[in-house]
Amino acid sequence: MEFDKVTVCGGGILGSQIAWQAALCGFNVTIYDIDDEKIERCRGFHQHYAKLFKTDKPFLNLNYTTNLKDAVSNASVVIESITENMDSKKKFYEQLSNYVSDSTIIATNSSTITPNKLKSYVKKPERFLALHFANPVWEANIAEIMGHDTTDKNIFEKTVEFAQRIEMIPIKIYKEQKGYVLNAMLIPWLASAQHLYFTDVADYRDIDRAWIISTKSKIGPFGIMDIIGLRTIYNIILMDAKKTGKKELFERAEKVKKNFLDKGKLGLSTKEGFYKYPNPEYETFLDKHNV
Ligand SMILES: NC(=O)c1ccc[n+]([C@@H]2O[C@H](COP(=O)([O-])OP(=O)(O)OC[C@H]3O[C@@H](n4cnc5c(N)ncnc54)[C@H](O)[C@@H]3O)[C@@H](O)[C@H]2O)c1
C-alpha cells in the first residue's frame, strides 16, 4: 500500500495530533522526538486523545522512538513538525538527509518558514513541500499543501491524496504564500479588530457582535484570539512592532501583556481571556440579535 509507513518528526502539540489522526485512519505511524522526556509528553497527549475519542485502537498503529535512522529509513511519508526555529529545522533536514530513502515524500508543517527556505537542506528537494495542519487537527480539518518552485507536481498530487486519506480537506496552494491561505487572511483580520479595540474605537464584544451577526458566524475575532492563545497573539503583535517600528503596535503589545498575560489570562487554555469559559458570552450574540 502506498503511504504504508508514516513518520512524524517532533511529537509536540501539532505532531502528536497529526500522528494520532493518521493512526486513527489506520496508518502505521512512527513518532520521532529528541529525548525520552519528549516521547513521554507525546504519549501523554495520546492518552488524553484516547479519552477524547473514546478509543485505544490508534495505539496499535503508533510507535515511538528517539532514533532518527530507525524512524525514517523505510518511511513513505515524513512529516516534520519540530520546533519553529530556522536553525533547528536546518540541522534536522541535514541529519534527515543521511537516512531518508530517495522515494520518501518529505513535508514540513512549519507555519512561518516556507519550503523554499528549507529546500536546500533536503536531500531530494523535488520531493519536498509543505503540508500544513491547523489546531486541533481533527476539528479544523484542513491541510494546506504548498510546494516550492521545484516541487514535483506528482509529489504535490500524492500529498493531496495522502491528506484526504487521513480525512483532511486539502487546500491546494499553487505558489508560495507566507501564511498559506488561512493565516494570510486571518492575521490581518485579527490585527484590524485589535486596532479597533486597543485604540478605543469600540468594545471587543461589539466588534465580535458586528462580525457574528452580519456574517452569521459562530465566532468573532476576539473569540478566535482566545482560542489561539493570548501569548501567541502577543508574540505576533511584538514581531510586527519590531518589524515596522510602529508605536501603536508596541503599545498594543504592552496592553496585552499587562491586562492579560501578567494576570494569567491566556485565553481558552486558562478559562479566561477576553471571555470567560466555558459558555463564553459571544455564544449568545446570534440568539439576541433581534432584541
Ligand atoms: N501549535 C500550532 O497551533 C501549530 C499549527 C500549525 C502548525 N504548527 C507548526 O508545527 C510545528 C511544531 O509546533 P508545535 O506547536 O507542535 O511545537 P511544540 O513545541 O509543541 O513541539 C515541537 C516538538 O519538536 C521537538 N523537536 C525539536 N527539535 C527536534 C528535532 N531536531 N528532532 C525531532 N524533534 C524535535 C520538540 O522536542 C517538541 O516535542 C512548528 O513548525 C509550527 O509552526 C503549529
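A residue counts as near a molecule if its C-beta atom, placed from the backbone, lies within 6 Å of that molecule. The model described here is predicted. In this model, 23 residues surround the ligand. Gly10, Gly12, Leu14, Ser111 and Asn135 come nearest. Two or more residues of the shell are given by each of α1 (13-24), α4 (86-99) and β6 (128-133). Helix α1 supplies the largest share, three residues. By class, twelve residues of the shell are polar, eight are nonpolar and three are charged.

The domain assignment divides the protein into domain 1 (5-173) and domain 2 (182-284). The centres of domain 1 and domain 2, taken over C-alpha atoms, are separated by 30 Å.

Strands of a sheet pair through backbone hydrogen bonds, either parallel or antiparallel. Here, eight strands form an open sheet with mixed pairing. Their order is β3-β2-β1-β4-β5-β6-β7-β8. Strands β3 (62-65) and β8 (169-173) are the edges, and each pairs on one side only. On average, neighbouring strands of this sheet are turned by 25 degrees against each other, direction ignored.

Strand β6, which contributes to the ligand shell, pairs with β7 (residues 142-147) in the antiparallel sense. Five bridges join β6 and β7. Ala143 in β7 is the bridge partner of Phe133.

Helix α1 also packs on the sheet. The strands touched by α1 are β1 (5-9), β2 (28-32), β3, β4 (77-80) and β6. The direction of α1 makes about 165 degrees with that of β2. Helix α1 thus appears in both settings: α1 gives three residues to the shell around the ligand, and α1 packs on the sheet.

Definitions and conventions: Residues are numbered from 1 along each chain as its sequence is written. This is a predicted model: local features need pLDDT of at least 70, side-chain atom pairs count only at pLDDT 80 or more; totals for chains, interfaces and linings use all residues. Helices (H or I, at least four residues) and strands (E, at least two) are DSSP runs, numbered from the N terminus. Ala, Val, Leu, Ile, Met, Phe, Trp, Tyr, Cys and Pro count as nonpolar, Asp, Glu, Lys and Arg as charged, and the others, Gly among them, as polar. Domain bounds come from an automatic or database domain assignment. Two strands pair if DSSP finds at least two bridges between them. Axes are lines fitted to C-alpha atoms, for helices over the stretch in contact, and angles run from 0 to 180 degrees between N-to-C directions. Two residues are in contact if their C-beta atoms, placed from the backbone, lie within 7 Å.
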